[in-house]
2 protein chains.
Amino acid sequence: MSSDRYIVSAPGKVILFGEHAVVYGKTAIAGSLDGLRTYAFFEKRIDGYVELNLPDLGLQRAFLWPASALPYNLVNNVDIKEPQNLNFNDVLLHKIKSIALEGQDNQQINNFQQIAAFTFLYLYTCLEYNSQTSCGMTIYVRSNIPVGAGLGSSASYSVCLATGLLLAFGHILSPYESNEQGIKKSSELINLWAYQAEKVIHGTPSGVDNSVATYGGAIMFVNGVIQNMMGTRSLRFLLTNTKVPRNTKILIENVRTRIENVKGFPKITNLILDAIHDISESFKEILGSEIMDDQELYTKTEGLIDMCHHLLNSLGVGHPSLDKVREIAAQCDLHTKLTGAGGGGCALTLIRNDVSKEQIEIVKTALTASPHCFECYETSIGGHGVGVLDASSDKSLQEFSECEKNQLAGIIGWMYFA
Amino acid sequence: MSSDRYIVSAPGKVILFGEHAVVYGKTAIAGSLDGLRTYAFFEKRIDGYVELNLPDLGLQRAFLWPASALPYNLVNNVDIKEPQNLNFNDVLLHKIKSIALEGQDNQQINNFQQIAAFTFLYLYTCLEYNSQTSCGMTIYVRSNIPVGAGLGSSASYSVCLATGLLLAFGHILSPYESNEQGIKKSSELINLWAYQAEKVIHGTPSGVDNSVATYGGAIMFVNGVIQNMMGTRSLRFLLTNTKVPRNTKILIENVRTRIENVKGFPKITNLILDAIHDISESFKEILGSEIMDDQELYTKTEGLIDMCHHLLNSLGVGHPSLDKVREIAAQCDLHTKLTGAGGGGCALTLIRNDVSKEQIEIVKTALTASPHCFECYETSIGGHGVGVLDASSDKSLQEFSECEKNQLAGIIGWMYFA
């Protein structure tokens, strides 16, 4: 495998149960989204420029920065193995933000593009510091994860950047060149750096999204502790993006008001959060049961999905568009809940194992043909985490940039860290 | 006031908060429905026939029974003042059922009409027993309360029958002829006999419906104990009948399965019931608060309405038609919950005091013009209980039967027991 080129990929995530309640120490369960992933191509160059292409964020032309302009002088004594000890350096972030937008040739840069640039430059600066090779790099990022829809697109991006840069700067080896123990250590380091990137993006992220994007599968999150869920059965879902934009911070604040303000009915709200907690715990038991047959697994999961959706509605984080998805899917006897912050965003519809391809098509058509123009993705929960693709061909950049993003997963040869 | 004719009237009821949870000892709050009432005309006759007219139950011709056919011999030692000591006599009920349908000239009698006839004959037989006057009676019942929609139409009917028959057979005096103490005793007796009638109809009724139909106002129901709610502020509502029929027994059974069957998530369900209980208790506090301004009263009540609706949905007693009513009312920023058993039936939309007549008309038009053909009633909670109208005019039966039922409330001269 060439050490000058890397193609990496990491999945999006979806919250199955426990959204909002997780903020108050309740159990939440999240899983990786099979088929909804970010892909990133990294190729070293020799002209001293760093080029970042973000076509799926609508960036017309690539960001292009001279590598020499990066503020390595503001990065002191980075221990690559222990990024969790890095203090966030306002001066560094401030400098990076000014560099990111400098000389962008008056290109209109929207908020998502700006954040993507800051995050990239932050990781690049930290990870190239101490590195022997500083001749620049071309990065090309593709993603079929809807942005701002609560599906962990930023964490998936962060994991891809951390992986590609750690590989390119020689801090980790690819799974092709590594044993099981080495792969495990590498994935831990990827996750730690991705978490640093998530902090640039979100301030105080929970760590759920980057963990799922790194390790794949399904995880349980309780009081800040992330546990992989063993014995997970794979479940198929239809993921529907209502495309209704929402503000996660405001939604979380509104729930907090209900709990902390005496006028907001704290007692009632706490009982609702307890009920949501018990839904997550019940789902964990269901998934962990080795004797439960499929019929019971699906019927119980459907019951939990319905209850959880209505309880989230009772916290005020619902939206008519989400109820519309439920209504349409219910016409085919499928059960749906909102996922993530609510107030728009995405809905998750369980597809039982006895649902035929034709039935799924009927639901998808009904959803996409509705006046709301919902977008639908068939997915399953619990796929691979971050992976690397052999990129030794000289044509790989061209192939990567021209390939339909949904076809990248189909290319044979991916090796996974998890 | 003539002692040969009586016109009586009693209101329907609506559950504001606590439906379903009340079955498990949680607090429920119900109120009388202003403007949705049953009216009944009673006139003694001398030909020995008992005639029951139920035009609003779709009965084409009156029931007509010879008074001499009634099974007085099966009624033993009725203490009119203590009907609660009456044991239900299967032989009596069986006999009444056979008499009720005898000789009805092959008229098709539906289930509602049959039950109305049984209940009437049961009360008539019990209350005429010991009476000096047995020459027959004409009864004409009108009602604008939708039947089978959870609005207490049967209790309202039972209270009217009990009141009219107690008056006609001289067991109580009308409020025109009575002092405060006498009126209070009369209303207690009416309520007790109406409860007996409700037992004929429902088996084991809670007693909420007949209490509200007798006393009006709003009541709180906790563990079988009914308390009048003092300091009640009157609240305006739009009551929407989805006209979706539902089976209350099955809905209640479904909730029971969730609690009693280990597969039904009893822990989660109990938390939801606790939350519904706290909603009722919070509403009680709000109504009882003397310092809360209208703005806060309405905002808080709207919050409780939303939470309660979603929690009832999470118990599985919702229905798409009820959510449709919510959706339409929400377009005018009004808040709605299902009321009663759910699964169809009625929805209750709070009308804040700052909502104009025009705005209400817009919502009503949107609801009635929707493809679901909902029926809407403007009402307020907490009106009068059972009342009597001076019926001394010889033309009163004709006037009563020909009067538009919605105009009966407007006739001046009603005197109320409560």
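In this predicted model, chain A and chain B touch through 21 residues from chain A and 21 residues from chain B. The size of an interface is often given as the accessible area lost when the parts come together. Between chain A and chain B this buried area is about 2100 Å², and carbon and sulfur atoms give 75% of it. Three residues stand out on the side of chain A: A:Phe265, A:Ile268 and A:Met307 supply 29% of the area that chain A buries against chain B, more than any other three residues.

Charged and polar groups also take part in this interface. Across it there are 2 salt bridges. A:Asp278 forms a salt bridge with B:Lys267, with the closest N and O atoms 3.4 Å apart. In addition, 2 residue pairs are in polar contact across the interface of chain A and chain B, both residues of each pair having a pLDDT of 80 or more. The elements of chain A that give two or more residues to the side touching chain B are α7 (266-288) and α8 (294-314). Of the elements, α7(A) gives the most to that side, with 10 residues. By class, the residues on the side of chain A that touches chain B are 10 nonpolar, 4 polar and 7 charged.

The arrangement of the two chains may now be considered. A turn of 179 degrees, with a shift of 0.0 Å along the axis, lays chain A on chain B with an RMSD of 0.1 Å. This is the relation of a two-fold axis. The residue of chain A that comes closest to the rotation axis is A:His310, at 2.6 Å (C-alpha). Because 100% of the interface residues of chain A are also interface residues in chain B, the copies meet through the same surface.

A further interface lies within chain A, which is divided into domain 1 (5-227 + 384-416) and domain 2 (233-381). The C-alpha centres of these domains lie 28 Å apart. Their contact takes 26 residues from domain 1 of chain A and 38 residues from domain 2 of chain A. The buried area between the domains is about 2600 Å², of which carbon and sulfur atoms give 68%. Here A:Phe17, A:His20 and A:Tyr24 supply 29% of the area that domain 1 buries against domain 2, more than any other three residues.

Between the two domains of chain A there are 2 salt bridges. A:Lys26 forms a salt bridge with A:Asp274, the closest N and O atoms being 2.8 Å apart.

How values were computed
Residues numbered from 1 in each chain as written. Chains lettered and ligands numbered in written order. Predicted model: local features only at pLDDT ≥ 70, side-chain atom pairs only at ≥ 80, totals over all residues. Heavy atoms only, no water. Contact = heavy atoms within 4.5 Å. Buried area = accessible area lost by both parts, 1.4 Å probe. Salt bridge = Lys/Arg side-chain N within 4 Å of Asp/Glu carboxyl O. Polar contact = N/O pair within 3.5 Å; in protein donor to acceptor, adjacent residues only side chain to side chain. Helix = DSSP H or I, 4+ residues; strand = E, 2+ residues; numbered from the N terminus. Nonpolar A, V, L, I, M, F, W, Y, C, P; charged D, E, K, R; others polar. Least-squares fit on C-alpha atoms with pLDDT ≥ 70 in both. Domains from an automatic or database assignment.
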